[in-house]
Structure formats: structure tokens, C-alpha cells
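Thank you all for making the time this morning. I would like to walk through one structure with you, and I will begin with a single side chain before moving outwards to the rest.

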Amino acid sequence: MRKVSMELLTIGAFARASRLSPKALRLYDELGLLRPVSVDPLSGYRFYAPDQLERARLVAWLRRLGMPLARIRLVCELDGQAAADEIGAYWREVEADVRAREQLASFLMAHLSRKEEPMLTIRYAVRTDRGLVREDNQDVAYAGPNLLAVADGFGSAAASSAAIDALKPLDAKVPAGDLLNALSDAVERAGTAVRGLDENVGTTLTALVRSGSQLALVHIGDSRVYLLRNGRLFQITQDHTLVQSMIDEGRLTPEEAASHPQRSLLVKAIHGNGAAEPDLALRDAEPGDRYLLCSDGLHTALDTAALREVLQEVEDPGETVHRLVDRANARGGADNIACVVADVA
């Protein structure tokens, strides 16, 4: 026993050296994450080898990152670059979650601090088109007095239709105080409807819901919302795609992303295996604003300059959506197209 004590570290000494508490070490032993090399058969006292300190310190650092124990076990089983890549992947997920929570916090603060304002009027038009290449049309769009929405389905048009149908109750007047709950319930309905179809289908979902002079945005996927205000065109959604995440990380430029072979690969969508958290935002609508909601069949065919040209030159929303779709088809019509144009007055 004296030999063991000299060569090995007691649980107390190992805890101090590794900066893990004895309680944590006992838990990690039970979970098989960090087992002692020796346990006294009479007292149950645990002993650890000095060469276990590296693994123990790694576990301590990963716990400080907030990594779940199951993910830590995976990292500990990897070597060198593979372990580093797994940590990097985990941290990107954390950053994405923080951004989503930040957006939700901003939404809540704006929502709770606002006062009711006079209702504005909206003129709108909607158009979808199969394009010139696809055999069927899986894009769905909807426009009503209080709801504007676009969904780009994959695997089946049923997914995009189900998602839009789940949002249609929002076209009834939604009180400002109920807007957040109404949006949350609608997205949950959309996810449930799509999951009830097939695990191999899914859809993007991007919508604006009006309450008084407020526009609430819900967005998941790579359909987009643009705002034309005072002659300037702004993209007010961020694509949930692999290439956009690479742009955010500085690994790809927007110009490189435009021709990237995986530019349409989604990292967020509503699909048969579940639904990721959508982006939520609250915006003030102003007279003179013009909004464009569209699927990627439009915004990949027409760049920002081309979109701005049509949105500025054509006054009537109905004529505007027809002009946009016609121009996209004139540039090859490689995908389904869905778009909604809405003018605030």
C-alpha cells in the first residue's frame, strides 16, 4: 500500500493538480470518462497516475467551455487535429446559439418597450414559377393583409405548403402583445406539420407578420427578405447556409460563395428530422418602404443591383413580381421561383 501511495496520486492530490474537485472525479469515474488506476478494496479510496493529469486538465478546460460530458468523451478519444477540429465544431455551434439568443433578446426588448402606433396599409402581390429547368414547383408563397411568407421546399412541395398553411392563421389580426407567442406557436405548428410528412423532406420558411406599424420577422433557411428604403436596398435576413457560415468565419468571401459548389447546402431548415430555432426580429414599418420576400431561385439569378433596379423602376407590386420572375427566367430559370412584394403606405 505504501508503494501505491508513493507512485500514484491520491484523489485529493490529483484534484488539486488537475483543478477538478473530488466530487467531479468520482462522477467522471462512474461515467467512465476518467477512471482511477487503482481503488483500495477496503476503503474505496481512488488513486491516479501522474500521466492522467493531461487528460484530466483537458476535461477541466472543456467543462469550462460548457461542453457536455458526452461530447467531452468524444474529444478525449480523438488525437491531435481531430480533437481540435471537434472543439472548433462545438464552439461554432455555441456561437450560433449565442447569436440566436441575442436576436431573441433584442426582439423581446423591442417588443416589450414599444407603444401601440397607428396601423399602416400594405399593398402586396405574390407570384411563384416553376422556372425553366425543374420538373415541378416546390416553392410556395403567400400574401395577405397581415402575413407575407415564402417557403422553398425540398424533397416534396408538400413540405413548403404545410409550413405556409401553418402560418396562415397569423393573417388574422394579431395584437402586438400576442405577437411573439403567435409566432412561436406558428413555427411549432409548421415543424409538426413537416415532420408528419416524411423524414426526407423539408423547407425554408421566411415570413413577415404585421401588427399595427410593427413587422415581426421569422426566418429559417436561405429564402430572403429585402427592404427598399429611400432608394437603398438592404438584405435584412442572413442565409442559414454552409457558405454563409464560412463567410462569417472569414474562410470565404461573398464573391467566392456565389460560385461555391455547396452554396445551396442548408445548415438550418424545417425538415422531417426536426426543426432548428428560427431567427426572430421586430422592425418598424415606415411609409414608402417596399419589402421583397423571395426564394433562392430569384436571388441567385438576380444580383442586388438587378433586384434594386426592378424594385425602384416598377411601381405596381403585381407588375413588379412578374418583372422579377421574368428576368430570373431570362437568366436561365435554373430553379423554382417565389416572390412577394409589399408596399407600406
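Let me start with Tyr45, which has a relative accessibility of 41% and therefore counts as partly exposed. Please keep in mind throughout that what you are looking at is a predicted model. Phe47, by contrast, counts as buried, since its relative accessibility is 4%.

Now to the aromatic rings, for which the whole structure was searched, and that search gives two aromatic pairs. In one of them, the ring centres of Phe14 and Tyr48 are 4.3 Å apart and the planes meet at 10°, which is under the 30 degrees required, so this pair is stacked. Which parts of the chain does this pair tie together? Phe14 belongs to helix α2, residues 11–18, while Tyr48 belongs to strand β3, residues 46–48, so the contact between the rings links parts that are 34 residues apart in sequence. Phe14 has 0% relative accessibility and so counts as buried, and Tyr48, also at 0%, counts as buried as well. The other pair brings us back to Tyr45 and Phe47, whose ring centres lie 5.9 Å apart with the planes at 70°, and because that angle is over 60 degrees the pair is edge-to-face.

Staying in this region, I would like to add Val37, which sits in the loop between α3 (22–30) and β2 (38–39). Val37 has a relative accessibility of 49%, so it counts as partly exposed. Its C-alpha atom is separated by 6.2 Å from that of Phe47, and the two residues are 10 residues apart along the chain. If we set aside residues up to four places away in sequence, Val37 touches Leu8, Phe47, Tyr48, Ala49 and Gln52, so that list takes in Tyr48 of the stacked pair and Phe47 of the edge-to-face pair.

Next, two helices. Helix α4, residues 53–64, has 12 residues and reaches 16 Å from its first C-alpha to its last, which is close to the 16 Å expected at 1.5 Å a residue. Its buried residues are Leu53, Ala56, Val59, Ala60 and Leu62, and α4 is followed by Gly66, whose phi is positive, near 90°. Helix α8, residues 179–195, should span 24 Å with its 17 residues, and its end C-alpha atoms are indeed 24 Å apart. Among the buried residues of α8 are Leu179, Leu183, Val187 and Val194.

On the surface, Leu104, Leu108 and Leu112 make a nonpolar patch of about 270 Å². Leu104 lies in helix α6, residues 80–113, and is partly exposed, with a relative accessible area of 36%.

What about Gln138: is it buried or exposed? This residue is found in the loop between β4 (122–129) and β5 (139–143), and at 15% relative accessibility it counts as buried. Beyond its neighbours within four places in sequence, Gln138 is in contact with several residues, including Asp152, Phe154, Ser160 and Asn336.

Let me finish with the protein as a whole, which has 13 helices and 16 strands. Of its 345 residues, 47% count as buried. Among contacts with a separation of 6 or more, 65% are between residues 24 or more positions apart. The protein exposes about 17,600 Å², of which carbon and sulfur atoms supply 51%.

Note on methods
Residues are numbered from 1 along each chain as its sequence is written. This is a predicted model: local features need pLDDT of at least 70, side-chain atom pairs count only at pLDDT 80 or more; totals for chains, interfaces and linings use all residues. Side-chain values use heavy atoms; hydrogens and water are left out. Rings of Phe, Tyr and Trp (its six-membered ring) pair if their centres lie within 6.5 Å; planes under 30 degrees apart count as stacked, over 60 as edge-to-face and the rest as tilted. Helices (H or I, at least four residues) and strands (E, at least two) are DSSP runs, numbered from the N terminus. Buried means under 20% relative accessible area, exposed over 50%, partly exposed in between (1.4 Å probe, protein chains only). Contact means heavy atoms within 4.5 Å. Accessible areas come from the Shrake-Rupley method with a 1.4 Å probe; for residues, only the protein chains shown count as cover. The expected span of a helix is 1.5 Å times one less than its number of residues. Patches are made of residues with over 30% relative accessible area and no salt bridge: like charges are joined within 9 Å, nonpolar side chains (Val, Leu, Ile, Met, Phe, Trp, Tyr) within 5 Å. A salt bridge is a side-chain nitrogen of Lys or Arg within 4 Å of a carboxyl oxygen of Asp or Glu.
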